[in-house]
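Colleague: I would like to learn how to read a model of this kind step by step, beginning with the overall layout and ending with single side chains. Could you take me through it?

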Amino acid sequence: MEKAEKIKHFENDSFSKKTLCGKCKNTENVVSMMRFLPIFQTSVIAARAKKIVIKIGSSILVNEKGKPKKKWLQEFGKDIKNLINKKKQIVIVSSGAIAMGCEYLKIKKNGLKVDKSQAVASIGQIELMNFYKKTFDENKIKISQILLTLDDTEQRRRSINARRTIDNLLAME
């Protein structure tokens, strides 16, 4: 089933307590699609899921002035700790390297050319991981980082390697 079909399927299918829906049996990989479901279905799926993928965009991490939202991340860290205590495996997919780099360098994001935005992102990535590490250390949560490219998802061998790396990280405590 293609991604667009899965999304359409989740938007249109009725919910069943026996499985996620009438057609889907896999509770591991669908949590990332929770944003397409009504809130009552989201909580039931999260309760049943083993792995939860959370996508965090730049606008969640930094405020309108480009400053990191420290309070938000502290609360988020507590929420993640709660999920880990419930034996959930958490994967966080995060944007924010450019935004964090702009804040660190005290420059505006608007009008950055590709080469400069990549340079800013390389600086911001360190700031971003430090931001996460400090917060998650406070909650006694170990973190790791995997940087993936489009080729890592489109080339079968590389995709399998990325998947195995993620599975190995999730198996570590």
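Modeller: Let us start with the inventory of secondary structure, keeping in mind that this is a predicted model. The chain comprises eight helices and two strands, and these elements succeed one another along the sequence in the pattern α-α-β-α-α-β-α-α-α-α.

Colleague: What percentage of the residues of the chain count as buried?

Modeller: Of the 173 residues, 31% count as buried. A further view of the fold comes from its contacts: when one takes those between residues at least 6 apart in sequence, 54% join residues at least 24 apart.

Colleague: How should I read a pair of packed helices, and at what angle do α4 and α6 cross?

Modeller: In general, two packed helices are described by the angle between their axes and the distance between the axes. Here the axes of helix α4, residues 70-85, and helix α6, residues 114-138, come within 9 Å and cross at roughly 50°. Since angles under 35 degrees count as roughly parallel and the perpendicular class covers 65 to 115, α4 and α6 are therefore oblique to each other. As to handedness, the crossing in which α4 passes α6 is right-handed.

Colleague: Which residues make the contact between α4 and α6?

Modeller: On the α4 side the contact is made by Lys-70, Leu-73, Gln-74, Phe-76, Gly-77 and Ile-80, while α6 contributes Phe-131, Tyr-132, Thr-135, Phe-136 and Glu-138. Sorted by character, the residues of this contact comprise six nonpolar, three polar and two charged.

Colleague: Take Thr-135 as a single case: is Thr-135 buried or exposed?

Modeller: Thr-135, which lies in helix α6, has a relative accessibility of 6%, and because the cut-off for burial is under 20%, Thr-135 counts as buried. If its neighbours within four places in sequence are left aside, Thr-135 is in contact with Leu-73, Gln-74 and Gly-77, and these three residues are listed on the α4 side of the helix contact.

Colleague: Let us turn to charged pairs. How many salt bridges does the structure hold, and which residue meets Lys-71 in one of them?

Modeller: The structure holds nine salt bridges. In one of them the side chain of Lys-71 meets that of Glu-75, at 3.8 Å from N to O. Glu-75 and Lys-71 are four residues apart in helix α4, so about one helical turn separates them. Lys-71 counts as exposed at 59% relative accessibility, whereas Glu-75, with a relative accessible area of 35%, is partly exposed.

Colleague: Which other side chain meets Glu-75 in a salt bridge?

Modeller: Lys-78 does, with an N to O distance of 3.4 Å. Both Lys-78 and Glu-75 belong to helix α4, where they stand three residues apart, about one turn of the helix. Lys-78 is partly exposed, its relative accessible area being 47%.

Colleague: And where do Arg-163 and Asp-167 lie?

Modeller: Both are found in helix α8, residues 156-171, four residues apart and thus about one turn of the helix. Their side chains meet in a salt bridge of 3.3 Å, N to O. Arg-163 counts as partly exposed at 40% relative accessibility, and Asp-167 likewise counts as partly exposed at 30%.

Colleague: Which residue is linked with Arg-163 and Asp-167 in a network of salt bridges?

Modeller: That residue is Lys-51, so a complete reading of the Arg-163 and Asp-167 pair should follow the network, in which salt bridges as defined by the 4 Å limit link Lys-51, Arg-163 and Asp-167.

Definitions and conventions. Residues numbered from 1 in each chain as written. Predicted model: local features only at pLDDT ≥ 70, side-chain atom pairs only at ≥ 80, totals over all residues. Heavy atoms only, no water. Axes fitted to C-alpha atoms, helices over the stretch in contact; angles between N-to-C directions. Parallel < 35°, antiparallel > 145°, perpendicular 65-115°, else oblique. Left-handed = near helix turned anticlockwise from the far one by under 90°. Contact = heavy atoms within 4.5 Å. Nonpolar A, V, L, I, M, F, W, Y, C, P; charged D, E, K, R; others polar. Buried < 20%, exposed > 50% of the residue type's maximum accessible area, 1.4 Å probe, protein only.
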